[in-house]
Amino acid sequence: REEIIGQKWHPLVEPADLEMIGAQMAEMSVDNPVVVVENRVRLANGPLRWMQFTNRGTYDKRGQLVHIRSVGRDITERVLAQQALKESNERWKFAIEGADDGVWDWDVASGHVTFSKRWKSMLGYEDHELKGDFSEWESRVHPDDLPEALANLKAHFSGDKEAYAQEFRMRTRSGAWKWILARGKVISRDSAGKPLRVIGTHTDISESKAAKEREAHNLRLVAEGAPCAAVLEAIVNSLEAEHASLLGCVMRVNADGKTLSVAAAPSLPRDYTALKQGMRIG
C-alpha cells in the first residue's frame, strides 16, 4: 500500500500506452462522465498485465472536474485469447485467400451468411451485388444437385457426418453453370446440439471436372476401338483445352525408322504440318 498510495500512476503504465490513455481520458465531460480504458500495467515483480479501468468523473456545479474514481480489473486472459483468435483468423484467412477459395460464414439461427469477395467474384458478381442471405446460395445451386447438397448438409448438422463436403453446379451471373466443391464445418452449437455457426469454403473445380470428362471421353474412344487418328486427335484437343496457349502435335515414326509424319495436329495450319511430313529424326 505504501508503494502505491499517494504516488503518481503514470510510472506503473506501459509507456507506449500513455498517449492513448490521455486521449481517451480527455473525452470525459459532464455529459460523458464515464470513460473505460484498457491498457497495460507493469506489476511490482516485472511482468506486464492488461487492465480495464472504468473511470467515473465527479463534477461540481460549475462543471469543473473534482475527482475521478477508477475501478480496475485484470483482463489479461481475455486479451490474450482475443489476440490468439485474431492471429488464428488471420492465418486462416491468408491460407484461404492463397488457395483462391471463396469463404462463407453462416449464422444458422438468423439465416445471415457472410460471403467473401472471392466467393461472389467466382460467380461473376461484384462485392455489393449479393446480400447476406442463405437464399443467395440455395437459389443458384442447380436444381438437380440441390436435394443431395441439402441432405448432406442436414447429415452434418445432425452429427452423422463429421464435416460437410459436396460437389454441385452453381449458376453464374451470365447464366452459365460452374462446378463448385463446397466444404464446411459447424464450429458452434447450442446446449441442445443445434448448429449455431458454420464456416466453409467454395472451390471452383470446373476445369478439373472438364478435364476428367475429356479423359473419360478419350478412354471411351479407345475402349470402343476408334481409329488411332481419332484417339490421338482427341488427346491433343484435351491438352489444348487445359493449356490455352499450347498447340499440340503428335508425330509418328515412319516404317523406315528414320523419318516422322504428323499423326495429329488439329489446331496447327495445314501448310505447317505438310512441311513436317517426312522430317528426318534428329
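**Why the labels fit: strands, cores and contacts**

User: Which residue in β8 stands opposite D105?

Analyst: In β8, I199 faces D105. Over in β5, D105 has T114 as its bridge partner. Bear in mind that this is a predicted model, where local features need pLDDT of at least 70 and side-chain atom pairs pLDDT 80 or more, while totals for chains, interfaces and linings use all residues. Residues count from 1 along each chain as its sequence is written, and side-chain values use heavy atoms, leaving out hydrogens and water.

User: How do you know that β4 and β5 pair?

Analyst: Two strands (DSSP runs of E, at least two residues; helices are runs of H or I, at least four, and both are numbered from the N terminus) pair if DSSP finds at least two bridges between them. β4 and β5 have four bridges in the antiparallel sense, so they pass that test. β4 also joins β8 through six antiparallel bridges, and β8 joins β7 through nine, again antiparallel. L181 and T203 of β8 stand opposite each other.

User: What order do the strands of this open sheet have, and what makes β5 and β6 its edges?

Analyst: The five strands go β5-β4-β8-β7-β6, with antiparallel pairing. β5 and β6 are edges because each has a single partner strand, which leaves one side without a neighbour in the sheet. On average, neighbouring strands are turned by 25° against each other, direction ignored. Helix α5 packs on this sheet and touches β4, β6, β7 and β8; its direction makes about 155° with that of β6. Such angles run from 0 to 180 degrees between N-to-C directions, with axes fitted to C-alpha atoms, for helices over the stretch in contact.

User: What links β7 to β8 in the hairpin, and how covered is β8?

Analyst: Five residues lie between β7 and β8, and G193 in the turn has a positive phi of about 90°. As for cover, seven of the ten residues of β8 are buried.

User: Why is E136 called buried?

Analyst: Buried means under 20% relative accessible area, exposed over 50%, and partly exposed in between (1.4 Å probe, protein chains only). E136 comes in at 9%, so the label holds. E136 belongs to helix α4. Its side chain makes a polar contact of 2.6 Å with that of R140. The cut-off for such a pair of N or O atoms is 3.5 Å; within protein, one must be able to donate a hydrogen and the other to accept it, and residues adjacent in sequence count only through two side-chain atoms.

User: What makes T259 buried too, and which polar contacts does its side chain have?

Analyst: T259 has 10% relative accessibility, so it counts as buried. T259 sits in strand β10. Its side chain reaches that of N254 at 2.8 Å and that of D256 at 2.9 Å.

User: Which residues of the largest nonpolar core touch the most other members?

Analyst: The core has 23 residues, and W104, W106, W119, W137, Y164, F168 and M170 touch the most other members. A nonpolar core is a set of buried Ala, Val, Leu, Ile, Met, Phe, Trp, Tyr and Cys residues joined through side-chain atoms within 4.5 Å. Helix α5 gives the most to it, with four residues. Beyond four places in sequence, M170 has contacts (heavy atoms within 4.5 Å) that include W119, W137, W177 and H202. A second, separate core has five residues, among them V13, I21, M28 and V37.

User: How do you know that C228 is in no disulfide?

Analyst: A disulfide needs two cysteine sulfur atoms within 2.5 Å. By this rule the count is zero. For C228, the nearest cysteine sulfur is that of C249, 13 Å away. That is too far for a bond, so C249 stays unpaired as well. C228, at 47% relative accessible area, is partly exposed, and C249, at 33%, is partly exposed too.

User: What makes β1 and β3 the edges of their sheet?

Analyst: Each has a single partner strand, so one side is left without a neighbour. This open sheet runs β1-β2-β3 with antiparallel pairing, and its twist averages 30° from one strand to the next. Nine bridges join β2 to β3, with F53 opposite G72 in β3. Helix α1 lies across β1, β2 and β3, at about 165° to β1.
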